[in-house]
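Me: I should like a close look at a single helix and its surroundings. Please set that part within the chain as a whole, and say where the model calls for caution.

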Amino acid sequence: MHPFRWLHPYGVFPPKTMPGVRGIPLIEVSWDGKEWMECPHQYSPTAPDSAPQFIAPHHPRGDQVAIYEGFGLGDSSIMHSLIGSGNPYGYTKFTGSQVLMQRILEGHGPNYGNVFFKAGTLSKERPAPLHARVTTHLLTPTTLQEHAATGKWWTREYIGPHLPEMQSDPSLWQDMFLPPECWHLEEVIWKRRSRLRDISARRRAGDDAHAAVLAGAPELAAHVDRFWNELVPRLQAADRTTWDSLPDLVDELRARHTKADLHSFERLLGRYSFLLADVLDPLFFDAGFLPIFGLGKTKLDVKAYMHLAMLMHIIICEGRDTFERVLVHPESAADFVPKLSMANGLYCLAIFRFEMFVFEAQKMRLLQNVMEPKRVQFSLSNPELTARFDEIARRLFGVVEPYNFVREQFRGPRFERGHPERYPSFRLDPSGVVVLIGTLNRVSGLAGVHITPEPRREFWNSVALLTHLLLRQKFLSAVPVKFSVVHDASHAAATLYAPSRMPSSFIIDKQGTIRYVHGGFRTGDDATIEKEVLTLLR
């Protein structure tokens, strides 16, 4: 069929890299907050009866972008410098679906008929909805037999949150495009081309640092002392080695300060960081690209520019005197490198971009489940190359390490808002294709989990079983435990729960609902798991 252009194997990504399912953000609207109406897309499927569409020769970009939106991939992401469009103004505090919902709530929904939504979904004869929300669903293709019997093209299943219920908020448009000092931390060139360069010019001309940061923004003058005397001391008092109390601090700051005040503080943080960049950037860039490949060190030995930007935030949080000292003696910034951690370095950013960080953490976990099988396959087949590549990637793309950190934050009912994470798990079949194992939904014991059985080879099962028994006996001899340890000889639990990695821990409440899933284990994870258990016990 290829020569006739009827069918074509073209894809953005190499074959066999993604599973044969679709994750979709499903937009729903309501006029009373109780009954909800779905807004089906014009081209991409959103419902079990959504038939695949022929779209050539035009490509419906709105529907295509919705796929990336479903995984949280966009300009607003912390990964902006790696996956963004290159437009610094794209780094907003709102996702594409949030902007679309605001337009719908303002009464513009009918304008999207035959463009993004099916015609007639939102009619002009009906008033604008008062509520809107987005949840994430999984579409799995039906078999030919199922389609013939039911007429359905897909099996649809809820798998997790996307954006919580919202009502119209016209202030979104005022906050849409952020000033240069609030752009992504790695937008080095764009910031130096922006009006922020006037800050550097005034500083070089002899202005005091606290006067220089007001270049082009005299309205911030009333907030300078408050920034250093109110916000910074509060950040100093917080335990920034963990984000356990960060949500409470966000609530406290929002109760104490107006939205305008917090935005002014955010701008000042960015402007003071820009002043520090003037004196610290030369210490980082002095060795060129060699440190990226492990062939040298910079005078200020941090992994990537993202880490340097986080270090600037840490220095500012040390107080006005420390900031002024580093500005005069840039080499003293090295004294604070040992304090640099993802929790500490990203703390200020999370204060001002809290909702976006919660959104990203949830979407990162979904993306992790989808991509993990291929990553594991590559790492197992090329362990040395993988380790080398990971190290280079962390230095070349400074957002990788923050991404991995944020992914593990903001778990549990407080952030799910009634829409728990029930993300699917995937595996590689022998041909290298990523396939769905199952989704974690409400279970009682081991019942109620949708699973696609995995074929097993008895020989390798026997080898794995013997190895497991020997290792288990050795481990329990060295580390005696007080709870029961059972052996799942038939792999029933592993098949039903479909862990995405090993080890995996599942916390189940007394109603039989899986409330938390923790994959892998690193030092400090025990505290995270303990916190989830204590939350359920309260």
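The request and a connected reply follow.

Me: Which residues of helix α13 are buried, which elements do they pack against, and which residues does the face turned away from the buried side carry?

Reply: The structure is a predicted model, and a short account of the whole chain may precede the helix. The chain has 538 residues, 46% of them buried, and its secondary structure consists of 22 helices and nine strands. Among contacts with a separation of 6 or more, 71% join residues 24 or more positions apart. The accessible surface amounts to about 28,100 Å², and carbon and sulfur atoms account for 59% of that area.

As to confidence, the average pLDDT of the chain is 85, and 83% of the residues reach at least 70. Residues 442-468 have a pLDDT below 50, although this stretch has 41 contacts in the model beyond near neighbours in sequence. Where pLDDT is low, predicted coordinates should not be read in detail.

Helix α13 spans residues 320-328, and its buried residues are T322, F323, V326 and L327. These four lie on the same side of α13, because the arc they cover around the axis is only 135°. The general geometry of an α-helix is relevant here: with 3.6 residues a turn, residues three or four places apart point the same way. On the face turned away from the buried side, α13 carries the exposed residues D321 and V328.

The buried side of α13 has several partners. Its buried residues pack against α7 (197-204), α8 (209-212) and α9 (224-237), and also against α11 (259-285) and α12 (305-317).

Two of these partners, α11 and α12, also contribute to the lining of a cavity. Seven cavities of 30 Å³ or more are found in a search of the whole structure, and the second largest has a volume of about 280 Å³. Its lining comprises 26 residues; E181, L185, K191, G270 and S273 lie nearest its centre. Two or more lining residues come from each of α6 (188-193), α11, α12 and α15 (347-352). The largest share is that of α11, with seven residues. Thus α11 and α12 pack against the buried residues of α13 and also give residues to the lining of the second largest cavity.

Further along the chain, helix α14 (residues 342-345) contains N344. With a relative accessible area of 11%, N344 is buried, because the cut-off for that class is under 20%. Apart from neighbours within four places in sequence, N344 is in contact with R240, I314 and K339. The C-alpha atoms of N344 and C317 are 9.8 Å apart, with a sequence separation of 27 residues.

Two residues elsewhere deserve attention for their backbone angles. F410, in the loop between α18 (400-407) and α19 (413-416), has a positive phi of about 55° although it is not a glycine. R417, in the loop between α19 and β5 (424-428), likewise is not a glycine and has a positive phi, near 50°. Their accessibility can be set side by side: F410 is buried at 5%, whereas R417 is exposed at 55%.

A final region for comparison is the loop between β2 (37-38) and α1 (61-70), where Y43 is found. Y43 is partly exposed, with 30% relative accessibility. Beyond four places in sequence, Y43 is in contact with Q53, I55, P60, D63 and V115. Q53 is 10 residues from Y43 along the chain, and their C-alpha atoms are separated by 6.2 Å.

P60 is also placed in the loop between β2 and α1, but P60 is buried, with a relative accessible area of 15%. Not counting residues up to four places away in sequence, P60 touches Y43 and I55. Between P60 and V115, 55 residues apart along the chain, the C-alpha separation is 8.4 Å. In α1 itself, the buried residues include D63, which is one of the contacts of Y43. Also buried in α1 are Q64, A66, E69 and G70. G72 follows α1 and has a positive phi, near 75°.

To return to the helix requested, α13 has its buried residues T322, F323, V326 and L327 on the same side, and the exposed residues D321 and V328 on the face turned away from it.

Notes. Residues numbered from 1 in each chain as written. Predicted model: local features only at pLDDT ≥ 70, side-chain atom pairs only at ≥ 80, totals over all residues. Heavy atoms only, no water. Buried < 20%, exposed > 50% of the residue type's maximum accessible area, 1.4 Å probe, protein only. Arc of directions from axis to C-beta. Contact = heavy atoms within 4.5 Å. Areas by Shrake-Rupley, 256 points an atom, 1.4 Å probe, with all protein chains shown as cover. pLDDT = per-residue confidence, 0-100. 1 Å grid on protein atoms, 1.4 Å probe; cavity = no way out; pocket = protein on both sides within 12 Å on 5 of 7 lines; lining within 4 Å. Points joined across faces, edges and corners; volume = space filled by probe spheres on them.
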